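Reader: I would like a close look at one part of this model, the sheet, and at what packs against it. Please start with the whole chain and then work inward.

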Amino acid sequence: MYVGTLSFDLLLGDVRSLKEKRSVIRPIIAELHRKYAVSVAEVGEQNIHRRALIGLAAVSGDAGHVTDVLDRCERLVAARPEVELLSVRRRFHGDDD
């Protein structure tokens, strides 16, 4: 079994309230979940309206598949014009751990 995780640190554009923040973050989370069948949630910076921390996890029996899914998820978030991707932290756990 292989588990891959990503943590996205995002800077949001012209957002002035937590309600506006949710309207930007929720579609990203929903698209990641729908397109790639990963577990994804906002995991930090919930009370700061221009920052978001999104966590994502994928599990598979094939290491290559997990890597491919994580790469696709990272590209999707990086391509979103309404957010600036400040950093991505990737972790990979395999049978050797």
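What radius of gyration would a compact globule with 97 residues have, and what does the protein chain have?

Author: Keep in mind that this is a predicted model. With 97 residues, a compact globule would have a radius of gyration near 13 Å. The protein chain has 14 Å, which agrees. Along its principal axes, the C-alpha trace spans about 45 × 25 × 20 Å. Of the 97 residues, 33% count as buried. Now take the contacts between residues at least 6 apart in sequence. Of these, 71% join residues at least 24 apart.

Next, the parts. The protein chain has 2 helices and 4 strands. Read along the sequence, they follow the pattern β-α-β-β-α-β.

Now the sheet itself. The 4 strands form an open sheet, and its order is β2-β3-β1-β4. The pairing is antiparallel. Strands β2 (39-44) and β4 (83-93) stand at the edges. Each has a single partner strand, so one side of each is left without a neighbour in the sheet. From one strand to the next, the twist averages 20 degrees.

Go through the pairs one by one. Start with β1, residues 2-12, and β4: 10 bridges join them, and they run antiparallel. Look at F8 to see one such link. Its bridge partner in β4 is V88. Strand β1 is also joined to β3, again by 10 bridges, and this pair runs antiparallel too. Here L11 stands opposite R51 in β3.

The remaining pair is β2 and β3. They are joined by 5 bridges and run antiparallel. One link is easy to find: E42 has I54 in β3 as its bridge partner. These two strands form a hairpin with 6 residues between them. In that hairpin, E45 takes a positive phi near 60 degrees.

Pause at one residue of the sheet, G55. It lies in strand β3. G55 is buried, because its relative accessible area is 14% and the cut-off for buried is under 20%. Which residues does G55 touch, not counting those up to four places away in sequence? They are L6, S39, V40, A41 and V43. Take V40 from that list. V40 and G55 are 15 residues apart along the chain, yet their C-alpha atoms are separated by 5.6 Å.

A general point helps when you look at the strands. In a regular strand, the side chains alternate between the two faces of the sheet.

Now turn to the helices. Helix α2 covers residues 63-78 and lies across β1, β3 (51-60) and β4. It runs at about 10 degrees to β1. From its first C-alpha to its last, this helix of 16 residues reaches 23 Å. That is close to the 22 Å expected at 1.5 Å a residue. Which residues of α2 are buried? They are V66, V69, L70, C73, L76 and V77. Seen down the axis of α2, these buried residues fall within an arc of 125 degrees, so they line one face of the helix. They pack against β1, α1, β3 and β4.

The other helix is α1, residues 18-36. At 1.5 Å a residue, its 19 residues should span 27 Å. The end C-alpha atoms of α1 are 27 Å apart, which agrees. Its buried residues are K21, V24, I25, I28, I29, E31 and L32. Note the charged names on that list: K21 and E31 are both buried. What do the buried residues of α1 pack against? They pack against β1, β2, β3, α2 and β4. Just after α1 comes A37, which takes a positive phi of about 50 degrees.

Finish with a loop residue. R80 lies in the loop between α2 and β4. Is R80 buried or exposed? It is buried, because its relative accessible area is 18% and buried means under 20%. Leave aside its neighbours within four places in sequence. R80 is then in contact with P27, I28 and E31. Two of these names, I28 and E31, also stand among the buried residues of α1.

Terms used: Residues numbered from 1 in each chain as written. Predicted model: local features only at pLDDT ≥ 70, side-chain atom pairs only at ≥ 80, totals over all residues. Heavy atoms only, no water. Pairing = 2+ DSSP bridges. Axes fitted to C-alpha atoms, helices over the stretch in contact; angles between N-to-C directions. Contact = heavy atoms within 4.5 Å. Buried < 20%, exposed > 50% of the residue type's maximum accessible area, 1.4 Å probe, protein only. Expected span 1.5 Å × (residues − 1). Arc of directions from axis to C-beta. Rg over C-alpha atoms; globule rule 2.2 N^0.38 Å.
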